[in-house]
Every structure is written in structure tokens, then in C-alpha cells.
Amino acid sequence: MMEKRADQRMAVSIDVRYFYGKMFYSGTVSDISKKGMFINTAECIPPNYKIVIIIPYKNDLLTVDSGVSRLRQNSGCF
């Protein structure tokens, strides 16, 4: 199967927190590219929902305004 992405994804394992609704949740980024990332999480966030991701970097925290593009079918959200 041919990859449709314009940017190559890199496999990573980065623990992150994200703000969804009115609560913070945890997840793990499993792959990342210039324009996106996949976060493994137990929460089912609807597509097009806006979230804020908090990524630890060195001695600081990066905050990224983001949105959900899609869910994986094996996520249990369908």
C-alpha cells in the first residue's frame, strides 16, 4: 500500500498531556512529522475537535494548539 502523506513520519515515544473538554489527559505520541502526530490515548476525541497538547522538552513545556484529524479504526471509538 502506498503512503499518502507528504511528510515522512518518525517513530517516537513521547509522553504528553492534552486538554480536552475541561480536563487534562495523558497519551503517548507514537509517530510525528512536520504537520502531524499520532497520540495513543484511551479517550475518544471526535474528529475536528480542538485540543491543546503539552509536550515536555528539555527543562520546559511546549504547548501546541491542535485538532483531531481522524481516529484509528481499532481504537474502540467506532
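Ring pairs link Y18, Y20, Y25 and Y49 into a cluster. Rings of Phe, Tyr and Trp (its six-membered ring) pair if their centres lie within 6.5 Å. The model is a predicted one, in which local features need pLDDT of at least 70, side-chain atom pairs count only at pLDDT 80 or more, and totals for chains, interfaces and linings use all residues. Residues are numbered from 1 along each chain as its sequence is written, and side-chain values use heavy atoms, with hydrogens and water left out.

The structure holds four aromatic pairs. One of them joins Y20 and Y25. The centres of these two rings are 5.9 Å apart, and their planes make an angle of 50 degrees. The pair is therefore tilted, since planes under 30 degrees apart count as stacked, over 60 as edge-to-face and the rest as tilted. Y20 has a relative accessible area of 17% and so counts as buried. Buried means under 20% relative accessible area, exposed over 50%, and partly exposed in between (1.4 Å probe, protein chains only).

Five strands form an open sheet. Their order is β3-β2-β1-β4-β5, and the pairing is antiparallel. The edge strands are β3 (37-40) and β5, each of which pairs on one side only. Neighbouring strands of this sheet are turned by 40 degrees against each other on average, direction ignored. Axes here are lines fitted to C-alpha atoms, for helices over the stretch in contact, and angles run from 0 to 180 degrees between N-to-C directions. Strands (E, at least two residues) are DSSP runs, numbered from the N terminus. Two strands pair if DSSP finds at least two bridges between them.

At one edge, strand β2 (residues 23-32) pairs with β3 over four bridges, in the antiparallel sense. The two strands form a hairpin, with four residues between them. In β3, N40 stands opposite T28.

At the other edge, eight bridges join strand β4 (residues 50-57) to β5. These strands also run antiparallel. I54 has T63 in β5 as its bridge partner.

L61 lies in strand β5 (residues 60-67). Its relative accessibility is 54%, so L61 counts as exposed. Neighbours within four places in sequence aside, L61 is in contact (heavy atoms within 4.5 Å) with I54, I55 and P56. L61 and V16 are 45 residues apart in sequence. Their C-alpha atoms are 9.8 Å apart in space.
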